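Student: I should like to take a close look at a single part of this structure and to understand how that part sits within the whole. Could you please guide me through it?

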Amino acid sequence: MSTTNLDIARRYLRAIEQGATGEALAAFFHPEVTQQEYPNRLVPTGATRDLRALLEGAERGQKAVGSQRYEVRHTVAEGDHVALEVDWSATLKVPVGKLPAGGTMRATLAMFITFRDGLIVSQHNYDCFEPF
């Protein structure tokens, strides 16, 4: 049975849910990976990250988020491209806006992932957060 890029994308989200950092997370990424996060309420000017920044962000996230869940609503996969519509939720370790520590932050995400050799080489995120 062959593994598809969609299978890898789903495993990637499960790894994030399980708190993957460092090598466990890096295993999903091509060394030349770039991630573009378009402007949103949490990152108003957006951000572009390379592998190092992605891994550092995962480490920082562990300090702010106790647990998180990615519920995939829809997918489209064609060749090296996967698009995902995802409901995301996270239990906060620290307060954010009006949400207290222990509260739940929610967003609907559109993620567009491109693969090269079975690894994520680019990821574009459009994150739409519920009010916080």
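Tutor: The following account begins with the chain as a whole, turns to the sheet, and then looks closely at one loop residue.

The model is predicted. The chain contains three helices and six strands, and along the sequence these follow the pattern α-α-β-β-α-β-β-β-β. The radius of gyration is 14 Å, close to the 14 Å that the globule rule gives for 132 residues, so the chain is as compact as a globular protein of that length. The C-alpha trace spans about 45 × 30 × 30 Å along its principal axes. Of the 132 residues, 39% count as buried. The chain exposes about 7,700 Å², and carbon and sulfur atoms supply 52% of that area. Among contacts between residues at least 6 apart in sequence, 51% join residues that are at least 24 apart.

The six strands form an open sheet in the order E2-E1-E6-E5-E4-E3, with mixed pairing. Strands E2 and E3 (65-78) stand at the edges; each has a single partner strand, so one side of each is left without a neighbour in the sheet. On average, neighbouring strands of this sheet are turned by 20 degrees against each other, direction ignored.

Two pairings show what mixed pairing means here. Strand E5 (residues 104-116) and strand E6 (residues 119-129) run antiparallel and are joined by 10 bridges; Thr-114 stands opposite Ser-122 in E6. The hairpin of E5 and E6 has two residues between the strands, and in this hairpin Asp-117 takes a positive phi near 55 degrees. By contrast, E1 and E6 pair in the parallel sense over five bridges, with Gln-123 in E6 as the bridge partner of Gln-35.

Helices complete this picture, and I return to the sheet to place them. The strands E5 and E6 are joined by 10 bridges, and helix H1 (residues 5-17) packs on the sheet, touching E1, E3, strand E4 (81-92), E5 and E6. The direction of H1 makes about 170 degrees with that of E3. Helix H3 (residues 51-64) also packs on the sheet, where it touches E1, E2, E3 and E4, and its direction makes about 65 degrees with that of E1.

We may now look closely at Asn-40, which lies in the loop between strand E1 (29-37) and strand E2 (47-49). Is this loop residue buried or exposed? Its relative accessible area is 9%; since buried means under 20%, Asn-40 counts as buried. What does the side chain of Asn-40 reach? It comes to 2.8 Å from the backbone nitrogen of Leu-42. The side chain of Asn-40 also makes a polar contact with the side chain of Glu-37, again at 2.8 Å. When neighbours within four places in sequence are left aside, Asn-40 is in contact with Asp-127 and Phe-129. Both of these partners fall within the range of strand E6, residues 119-129.

A residue in another setting serves as a counterpart. Glu-23 lies in helix H2 (residues 22-26). With a relative accessible area of 73%, Glu-23 is exposed, whereas Asn-40 is buried. The C-alpha atoms of Glu-23 and Leu-55 are separated by 8.8 Å, although these residues are 32 residues apart along the chain.

Terms used
Residues numbered from 1 in each chain as written. Predicted model: local features only at pLDDT ≥ 70, side-chain atom pairs only at ≥ 80, totals over all residues. Heavy atoms only, no water. Helix = DSSP H or I, 4+ residues; strand = E, 2+ residues; numbered from the N terminus. Buried < 20%, exposed > 50% of the residue type's maximum accessible area, 1.4 Å probe, protein only. Polar contact = N/O pair within 3.5 Å; in protein donor to acceptor, adjacent residues only side chain to side chain. Contact = heavy atoms within 4.5 Å. Pairing = 2+ DSSP bridges. Axes fitted to C-alpha atoms, helices over the stretch in contact; angles between N-to-C directions. Rg over C-alpha atoms; globule rule 2.2 N^0.38 Å. Areas by Shrake-Rupley, 256 points an atom, 1.4 Å probe, with all protein chains shown as cover.
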